[in-house]
Amino acid sequence: MTDLYPFLAVRDVEGAVDFYTRAFGAVEEGERFRPPDGSQIAVLTINGHHVGVATEAPELQTSSPETVGATTVRISLHVDDADAVAQRAVAAGAVERFPVRDQPYGLRQGRLIDPFGHHWLISSPLQ
């Protein structure tokens, strides 16, 4: 195995790439794949870790959280300063589900919902 990373289904790849860039410092890798049907696939890195973003495809059972109204996956993003990253993500358009605070399991963590319905756990180790 050389890598393992999530692919997030969204309605608006362009908007998602913009949000993840502003919120988490993501960088788009290579050229975005744009087939003739209008869908898009982008691969991003966030501090060296890959995250894929693709146009939802309900016909392939990969609907976005926006379409189904829920998500079954939480993405855990471990950073040096959870408070700063969460604030930046909220400023970029995320909604705070619960604020960053010290948790009994050794993390300073909060949960955000991005504009596309994906849940992000923003965490830093407790010092």
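Just past the end of helix H3 (82–92), Gly93 adopts a positive phi of about 130° in this predicted model. At the other end of H3, the N-terminal one, the cap is Asp81. One of its side-chain oxygens sits 3.3 Å from the backbone nitrogen of Asp83.

Between those two ends, H3 has a buried side made up of Ala82, Val85, Ala86, Ala89 and Ala92. These five residues span an arc of only 125° around the axis, so they end up on the same side of H3. The spacing fits a general rule: with 3.6 residues to a turn of an α-helix, residues three or four places apart point the same way. Flip to the face of H3 turned away from the buried side, and the exposed residues Gln87 and Ala91 turn up. As for what lies over the buried residues of H3, the cover includes H1, E5 and E8, along with strand E6 (95–102) and strand E7 (107–113).

H3 also feeds into the largest nonpolar core, a set of 29 residues. Phe19, Tyr20, Phe24, Leu77, Trp120 and Ile122 are the members that touch the most other members. At least two core residues apiece come from strand E1 (7–10), helix H1 (13–24), strand E3 (41–46), strand E4 (49–55), strand E5 (74–78), H3 and strand E8 (119–125). H1 gives the largest share, with 7 residues.

Leu77 shows how these pieces meet. Leaving aside residues up to four places away in sequence, Leu77 touches Phe24, Ile46, Val85, Trp120, Leu121, Ile122 and Ser123. Val85, one of those partners, is also among the buried residues of H3.

Terms used
Residues numbered from 1 in each chain as written. Predicted model: local features only at pLDDT ≥ 70, side-chain atom pairs only at ≥ 80, totals over all residues. Heavy atoms only, no water. Core = buried A, V, L, I, M, F, W, Y, C linked by side-chain atoms within 4.5 Å. Buried < 20%, exposed > 50% of the residue type's maximum accessible area, 1.4 Å probe, protein only. Helix = DSSP H or I, 4+ residues; strand = E, 2+ residues; numbered from the N terminus. Contact = heavy atoms within 4.5 Å. Arc of directions from axis to C-beta. Polar contact = N/O pair within 3.5 Å; in protein donor to acceptor, adjacent residues only side chain to side chain.
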